[in-house]
Structure formats: C-alpha cells, structure tokens
Amino acid sequence: MGLTIVALPGDGVGKEVVSSSLRVFQECVSKHGIDVQLEEYKIGGQALEEYGEPLPDFVLEACKSSRIILLGAVGDDRYDNNPPHLRPEQALLRLRKELGLFANLRPVRTNAALLESSPLKASIVEGVDILIVRELTGGIYFGEPRGIETRAEGRVGINTEVYFDYEVERIARVAFEASQGRRQRLTSVDKANVLESSQLWRTVVSELSPDFPKVALQHMLVDNCAMQLIARPKDFDVLLASNLFGDILSDEAAMLTGSIGMLPSASLGESSAQGRIGMYEPVHGTAPDIVGQEKANPLATIASVALLFRYSLGRDDIGREIEYAIEKTLERGYRTPDIATEGGHLLGTQEMVDQVLEALHS
Ligand code: NAD
Ligand code: IPM
Ligand code: MN
C-alpha cells in the first residue's frame, strides 16, 4: 500500500496556506517520483458548520491510519462563546492528545535576507538558530480539575498544571537528543520559584542530564527567558518548555525571524515499528484580520512541508531543497506584506508560492 497524507486546512488563512503549500508538496513528489495519495478533510469551524463537531471521528481515524498530517490552523470567532468541546480549537487539542503528539519542534532561524524585517536590530537577530521543544500533550492545557463553576463566593474559573515525571522525561529526552546534534546547549524553561509542577520539571530534567554528558544544561525562569530571548537570542540553542510556556515563547521568538508567518512546526509521537507519527503545521493561527486578502505568508507552512519530508518520509534531501528554495525566494527580494521591506517586491500569497516553485526549478 502506498503512502497517504492527510491535509487538514482548517479555518481562515489555514485554507490559504495549506492549498499553497500543497502546490510545493505536489511538485516535490512528482519531481522525485514518490507515490502518495492525498486526502483532505474539514476540521475546526469548518467541521462545526458541516458536521456539528470540530473533529468528527472519521477524520481522527483517517489521521490515525495515514500517520502523516499537514494542518493549517483552526479558530473562528463565531464559535468563541461555544462550550470548550464545541470550539474549533478542540480539533487541534484532540488530535494532539489522541495521536500522542507530545513533542512539538519549532525551529526559529533568522534568514540573512530578512534581518530588516525584524523589529529588533539586525546585529541582535543575525545568525539566530534556536530549536524550541515544546511539550504538547500535558500541562495546564489538559490538567484536571478544570471548568467554570458558581460557588457561594462567586463564579470561579479553574485550570490545573499537571506534569507526571514520565511526561517531562520523554520530552526532555527529545530536547537533549536534539541538542547533541546541534550546539550542545540546552535551556530548560520553568517557573520553579513559584510552581511545584515546575519544581518537578526541573528535577526530572536535571536527573536526565548525566545521560547526555556533552550537553550543557541550564535552567531558566520563564519571565527571565522571555527577556533574554530578545536581549541575546544568539546564545540559545535548544529551548525546552512546557505546553503553555512553549506556546507563548514561540510567538515571541517568531519576531526574531521577522514574522509569525515564517515559523514552521512538527509535532511528533513516540518512535514505533511503524515509524513516528507526525503532524506538520505553521505556528500561526487563522489570522482573521487578513483572511481572504492574499496577504497570508505561506512560507511557514511550506517550511512545515519541508519538515514533513524530513521527519515522516525520511527525505532530508527534499526538506533541504524546499528550505533552499525559500531562502532563494527571499534573497531575490520577494515579500508578503508581513515581511515587507523597502525595495522588496511585494507579492500576494499565491504569487509568493509561484516564486518558491520557480526557485525549486532553478
Ligand atoms: P494569529 O496567529 O492568527 O494572528 C496573529 C497576528 O499574526 C495577526 O495580526 C495575523 O494577521 C498575523 N499572522 C498570522 N499568520 C500570518 C501569516 N501566515 N502571514 C502573515 N501574517 C500572519 O493569532 P490570533 O489572532 O491570536 O488568533 C486567531 C485565531 O487563530 C484564534 O481563533 C486562535 O485560537 C487561532 N489560533 C490557531 C492556531 C492553530 O490552529 N495552530 C494557532 C494560533 C491561534
Ligand atoms: C498553537 C496554538 C494552539 C495552542 C491553540 C490554537 C489551541 O496557539 O498551536 O500554538 O495553544 O497550542
Ligand atoms: Mn500558539
């Protein structure tokens, strides 16, 4: 049986960036003669509209059997007042949990051609190369108890940060292993001066450190980390963080590259005999302020396709080809509005993809 890839465009600009990046995907599979079937399903607000739920079981089953997923983004303010299980975002959270995608890799690399696109000085962002390793199936996103209740004192909203040692250990292992293949520096982020869950996090990460003697481990409080990321981003190599802290720090780190429209991600499960299940998506959301205007930057999703080739298809060579085509496109001065600089050629979403395809050919 051949390979099947499931595409889940989702809502808002999710649809625009997935259709864009599938053009690059199709070009690469046909160029390299890879036999692959593509299936596409609605999730999020689109699925709520059609099926009355954000992630129908048959879509989840299709993802479980394909084991390779390309996702856009979910979220639609028409459903913002729905109960949690009927919000578009629930599709994403359930996919992550049910597919066991505990390891979210978010590479943050500045591109030499885009130094002027960052609000920070070029001298600060030049050469930044960080890998954020975000825990994705635990912590306050999933902890119990949770909910909104009415008590004698008044209404109360409750969420709980919960981390078991094995959850911290498996994500820390991913981060240590990644550091070994990079600059051998690991910064583990927590709030151990206040939170017990962070104290256990810090202990478990430290206990693993002797297994990786070449990796220099450093613990950093999250508030300080948010500041250091802006002050001296080049000093970071691998950044390990909980679900919530990783979410926040990755949007902040996006601005080192110039735009959230540049940041790809890979969400991976445990290695098994069938390989590693992988879901690939940009870090950004549905961008309701620019939807339908050809303003969405497709590069984060195209770079996520590169990660798909690398991690799920074992084709690092194709991943590199795509990343090189992105670099070339930027070097040639092509820009979507979010990364526009003086003297650049301003393009719409699909025109930007045309240029990436052109760069792939040349
Ligand atoms: P967002 O990431 O959608 O947008 C934040 C800002 O970044 C906006 O100004 C937007 O125009 C810009 N932006 C985002 N993607 C861009 C792109 N590709 N090119 C150019 N500019 C881009 O965050 P938000 O506004 O806080 O959230 C909007 C909705 O998206 C919410 O419903 C939220 O829950 C959802 N969301 C989904 C995901 C996901 O599915 N992975 C991630 C984040 C937010
Ligand atoms: C992300 C998003 C999601 C998250 C939301 C949409 C549930 O912000 O993938 O970064 O918080 O994980
Ligand atoms: Mn986020």
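Here are some notes on this predicted model, from the overall fold down to single residues.

1. Overall make-up. The secondary structure of the chain comes to 12 helices and 14 strands. The radius of gyration is 20 Å and the globule rule gives 21 Å for 362 residues, so the chain is as compact as a globular protein of that length. If you want a box for setting things up, the C-alpha trace spans about 60 × 50 × 45 Å along its principal axes.

2. Burial and surface. Of the 362 residues, 52% count as buried. The chain exposes about 15,900 Å², and carbon and sulfur atoms supply 50% of that area.

3. Contacts along the sequence. Take the contacts between residues at least 6 apart in sequence: 72% of them join residues at least 24 apart.

4. The largest pocket. This one has a volume of about 830 Å³. It is lined by 32 residues, and the closest to its centre are Glu89, Gln90, Leu93, Arg96 and Tyr141. By class, the lining divides into 15 nonpolar, 8 polar and 9 charged residues.

5. Where that pocket lining comes from. Helix α4 (89–98) gives the largest share, with 5 residues. The elements that each supply at least two residues are β3 (68–73), α4, β6, β7 (154–158), α9 (243–257) and β12. So much for the open site; the enclosed one is next.

6. The cavity. How many cavities of 30 Å³ or more are there? The count comes to 1, and the volume of the largest cavity is about 40 Å³. Its lining is made up of Glu161, Tyr163, Val189, Asp190, Ser197, Ser198, Trp201, Ser242 and Phe245. Sorted by class, that is 4 nonpolar, 3 polar and 2 charged residues. Two elements, β8 (185–190) and α7 (196–208), each bring at least two residues to the lining of this cavity, and α7 has the largest share with 3.

7. A cis peptide to keep an eye on. Most peptide bonds are trans. The bond joining Glu144 and Pro145, however, is cis, with omega at about 0°. Pro145 sits in the loop between β5 (129–135) and β6 (147–151). Strand β6 already came up above, as one of the elements supplying at least two residues to the lining of the largest pocket.

8. The loop between β12 and α10: backbone. Most residues other than glycine have a negative phi. Two residues of this loop go the other way. Ala287, placed between β12 and α10, has a positive phi near 45°. Glu294 lies in that loop too, and its phi is positive at about 60° although it is not a glycine. As for cover, Glu294 is partly exposed, with a relative accessible area of 35%.

9. The loop between β12 and α10: Gly285. This glycine is found between β12 (278–282) and α10 (299–311). Is Gly285 buried or exposed? Neither quite fits: Gly285 is partly exposed because its relative accessible area, 35%, falls between the 20% and 50% cut-offs. Leaving out residues up to four places away in sequence, Gly285 touches Val13 and Ala73. Val13 belongs to α1 (residues 13–31) by its number, and Ala73 falls within β3 (68–73), which helps line the largest pocket. For a distance check, the C-alpha atoms of Gly285 and Gly181 are 104 residues apart along the chain and separated by 30 Å.

10. Ser30. This residue is found in helix α1. At 56% relative accessibility Ser30 counts as exposed, because the cut-off for that label is over 50%. Ser30 and Asn82 are 52 residues apart in sequence, and their C-alpha atoms are 42 Å apart in space.

11. Asp317. Helix α11 (residues 316–331) holds Asp317. With a relative accessibility of 36%, Asp317 counts as partly exposed. Its C-alpha atom and that of Arg183 are separated by 22 Å, with their positions 134 residues apart along the chain.

Conventions. Residues are numbered from 1 along each chain as its sequence is written. Chains are lettered from A and ligands numbered from 1 in the order in which they are written. This is a predicted model: local features need pLDDT of at least 70, side-chain atom pairs count only at pLDDT 80 or more; totals for chains, interfaces and linings use all residues. Side-chain values use heavy atoms; hydrogens and water are left out. On a 1 Å grid over the protein atoms alone, a cavity is a set of points where a 1.4 Å probe fits but cannot get out, and a pocket is an open set with protein on both sides within 12 Å along at least five of seven lines; lining residues have an atom within 4 Å of a point. Grid points are joined across faces, edges and corners, and a volume is the space filled by probe spheres set on the points. Helices (H or I, at least four residues) and strands (E, at least two) are DSSP runs, numbered from the N terminus. Ala, Val, Leu, Ile, Met, Phe, Trp, Tyr, Cys and Pro count as nonpolar, Asp, Glu, Lys and Arg as charged, and the others, Gly among them, as polar. The radius of gyration is taken over C-alpha atoms; the globule rule is 2.2 Å times the number of residues to the power 0.38. Buried means under 20% relative accessible area, exposed over 50%, partly exposed in between (1.4 Å probe, protein chains only). Contact means heavy atoms within 4.5 Å. Accessible areas come from the Shrake-Rupley method with a 1.4 Å probe; for residues, only the protein chains shown count as cover.
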